[in-house]
Structures are given as structure tokens and as C-alpha cells.
Amino acid sequence: MRRFDVLVIGGGQAGIPLAHALARAGKNVALAERRHLGGSCVNFGCTPTKAAIASASAAFQARRGAVFGLRIPTVEVDFPAVLDRARSIVVDFRAGLRRGFEKAENPALLRGHARILKKAEGGFAVRVGEEEVAAATLVLNTGTRALEPPIRGLRDGPLIHAGNWLDHHELPRHLLFIGGGYIALEMGQFYLRMGSRVTIIDQGTQILQREDEDVALHLQKLLESEGIEFRLGCRVEKARRSRGGTMLEIRSTAGPGLIRGSAVFLSAGRRPNTDDLGLESVGVRTTPDGFVGVDERLATNVPGIYAAGDIRGGPMFTHTSWDDYRILESQLAGDGSKTTRRIVPYAVYTDPELGRVGKTERELREAGEPYRTGRFEMRNNGKAIELSETEGMIKVLVEKKSGQILGAAVLAVDGSELIHMFVGLMNAKAPYTVLRDAVHIHPTLAEAVQSAAAAVQ
């Protein structure tokens, strides 16, 4: 039996850099991966979706060429070629990750499904494929998969979801999204710009239910103006396969109804990959939904077992998974000072993008925290006008007494980039006046962020 100081189970955005870092620190490390290295980000999430969205953006800009004084008579979408481009980038990224393990014996790459068998002398026994290994410390980084809601008839035909969309080469005529969250909005706009008709169905009365109503409504109207249809306050009760597609039986406050489409995209949430890890064999506690419980140092209730990335719940982003690696490096090979006490920004990669950080106005009101608001419309920014990208708005929330930034939303072209101006100030615990009083280059989109700070009442 091979023995390791640390066995990382899952080659995601936390597991891979952690394995290399611990090996550099002198530990004998192995990483177990049953399929592709890179986790959800590389294989079906960030990398291919943003590549595909870039193709959709190019098509959209070409169609509006007249805005810029250009005559582009037709724009033809080669949908399989769009997917092939995205897939080729995935393959290149996977190969790079694989080469990182081929160059050295430590960390070792173990291929196969990993399952914890029992506690063993000095650690844990784990079966990886056909081999049994032992490790003093385990790190769980197995990620999540698409959640399949209990809807009758849903499994009677093919389903598109975040994990398999790259395998569906035929462009759907009318794509029905079940769920109106981040994935639905990003991919819905992508398919729309490729040429599909898109309907997004959600049982909530607001898209992006974690966001403030004004921000969510603003984005919804932008997407509706482009052609996406929203059916909110609707619960899907049954799916029936019909000739040429699927028929969904829905129920809303207005009563029952039917929605017909050619394909269904599941975007109703994520489920952790913990059901076949053998966690029960060593007593690792999970939530009713299967997520692994951890403390702020990512330790589970079982000494010697840690969890990182989406498997532990909370914010499910690549950048939080990557920062989890830094936390675990600190715990396992450093001074133990780094924890999950951190500011986590995120973005929705629609067009325009929604960059977000900190608390929402609704959260502040409910908590009774005193705050002030600054707001700026992108149609008033010079660079946005020059780019013909005037859709969107910026909203910043500041603590009433100190002026420190409590939260911000940037719904704008390059919103995922612009939000970092607020992120930096929040990490520095600096007041919004630092941004307001700075000198910014003109003309820039960054001036819009400064204008939002200047608008704080």
C-alpha cells in the first residue's frame, strides 16, 4: 500500500494548486481524479462558457454594425464551430494541467474514483480505482453537478445542463430553462444570440433572487429587450415529450398552463458530489443537501479531513475555490493564519455584465444597518457613449458614519472588471471618498465608478 502525507480527492481549482504547493513544501502528496483535471471551471464552466459567450458577443456586435457606420449584410452562425472553439480551449487547458503532473513524481496523479474506506493507523485508507492507498490527511475537492428537481417525466428525454452543454451540437429552436439564476441568464443570452428562441422559467417572482430588486429588474428588462422571455412565479410540475420537443406543465398564481419547447436546459441549482465518497465510513458530517460542513479553516468535524471548493457549500465560484487552496496551504504547510474571513466578489457574465461585491440594500435594511447610496446610469458616461454601450447602472452602498463601502453592483460593459475598484477599497477598509476624490483618466468606463461614488448622498 502506498502511503502519502496528503491525499487530495478531486482535481479542481483548489485541489491542483494545493497538491503542487504542499509538494514544494516537502510533503509526499497525491491527487486522485477519476476523469478530467481542472474541475467544473476548465471542463464545462468558466473556460468554455466564456469562450462561447465571446462568440455570441461577436455575432451580436456584427448584427449591430450599422450603429458604428458599418454595413454587414448577413451574420451566419456556425454553431458546431462555436462549440469546437470552446472545446479546443478546454483541451489545451487540460493538457497544461496534465503536463504539470508529468514533470515530477511528487505530487503523484492517481487515476480513478476515490472512496474513503476507513480510518487507518496514522490516517485513512482510500480506494482509488483498483488501488488502495493510505494518507495522514485528506482534502476533499470533488465539486458539484447539476441538481435535477423532482419533476415527473423530466428524465424521459435528453436534458441539457451545465455539465453537458458542450456535447449538444444541434442548436435548439426553442430552449426552455428551468431555473432563473446565474447559469440560466448567461447561457440563455448565449443561445439567443446563436439563434435560439429562449424562455426562462422560475418559481420566484424575481430573477437573481439574491440581488436587489432594482438591479435584477434592470437586467431582466435588458434581456427582455433582446428577446428572452421570462415566465416568473411559475412552478414546473410535469414534463412530457412531444413530437419535436418537450411540453412543460406549469402552475402559477394565474393557474395551470403549458409551455412547448424543443429542448430543456436544467439550471435549478447544484448538488454536491459527496454521495459516493464514503464519508459515512469515517463520520464526516454533511448537511441535508449533502454539502460538507467545515469551519473557517476548512476543517471538517473529523480531524485530518478538510474540504475545499463547491463541495462545502457557500459561494460557488472558481476564485473562492482557488482561495480555499491558499487557506489550506496556510493550515497544512504555513502558520495557519489564513481563513475564510474574506470579501468575495462575483460576476454574472451577461451582456452587460453584472459585477457584485458585499451586501445588498435589502440585506442592510433587514439588518437595520445605517447606510447611504450612490447611483450612476451608464448612459451618462462618455466612454460608454463612444462605445455605444450605454446600458446599465452602478450602485454603491456605504456605511453612514465611516463611509466605508458595504456593497456595490456594477451592471455595465466590463462590469466584472470595474467591480474590482470597489473590492480594493473594501479590502483596504478605505472610505468611498478615496475613490471620489481621485483623478481618473478621461474618457474611461472607470469614471462611471467614480461618478457613482460622487453621487453618494
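User: What makes Arg312 and Asp324 a salt bridge?

Analyst: In this predicted model, the closest N and O atoms of Arg312 and Asp324 are 2.9 Å apart. A salt bridge requires a side-chain nitrogen of Lys or Arg within 4 Å of a carboxyl oxygen of Asp or Glu, so the pair of Arg312 and Asp324 qualifies. Local features need pLDDT of at least 70 and side-chain atom pairs count only at pLDDT 80 or more, whereas totals for chains, interfaces and linings use all residues. Side-chain values use heavy atoms, without hydrogens and water, and residues are numbered from 1 along each chain as its sequence is written.

User: Why is Arg312 called buried?

Analyst: Its relative accessibility is 16%. Buried means under 20% relative accessible area, exposed over 50%, and partly exposed in between (1.4 Å probe, protein chains only), so Arg312 counts as buried. Asp324, at 1%, is buried as well.

User: How do you know that Lys359 and Glu369 form a salt bridge, and are these residues buried or partly exposed?

Analyst: Their side chains meet at 2.6 Å, N to O, so the salt-bridge criterion is satisfied. Lys359 has a relative accessible area of 36% and Glu369 has 25% relative accessibility; both values therefore fall in the partly exposed class.

User: What makes Glu211 and Arg356 a salt bridge?

Analyst: The N to O distance is 2.6 Å, so this pair also satisfies the criterion. Glu211 lies in a loop and Arg356 in strand 19, so the pair ties together parts that are 145 residues apart in sequence. Both Glu211 and Arg356 are buried.

Key: Helix = DSSP H or I, 4+ residues; strand = E, 2+ residues; numbered from the N terminus.
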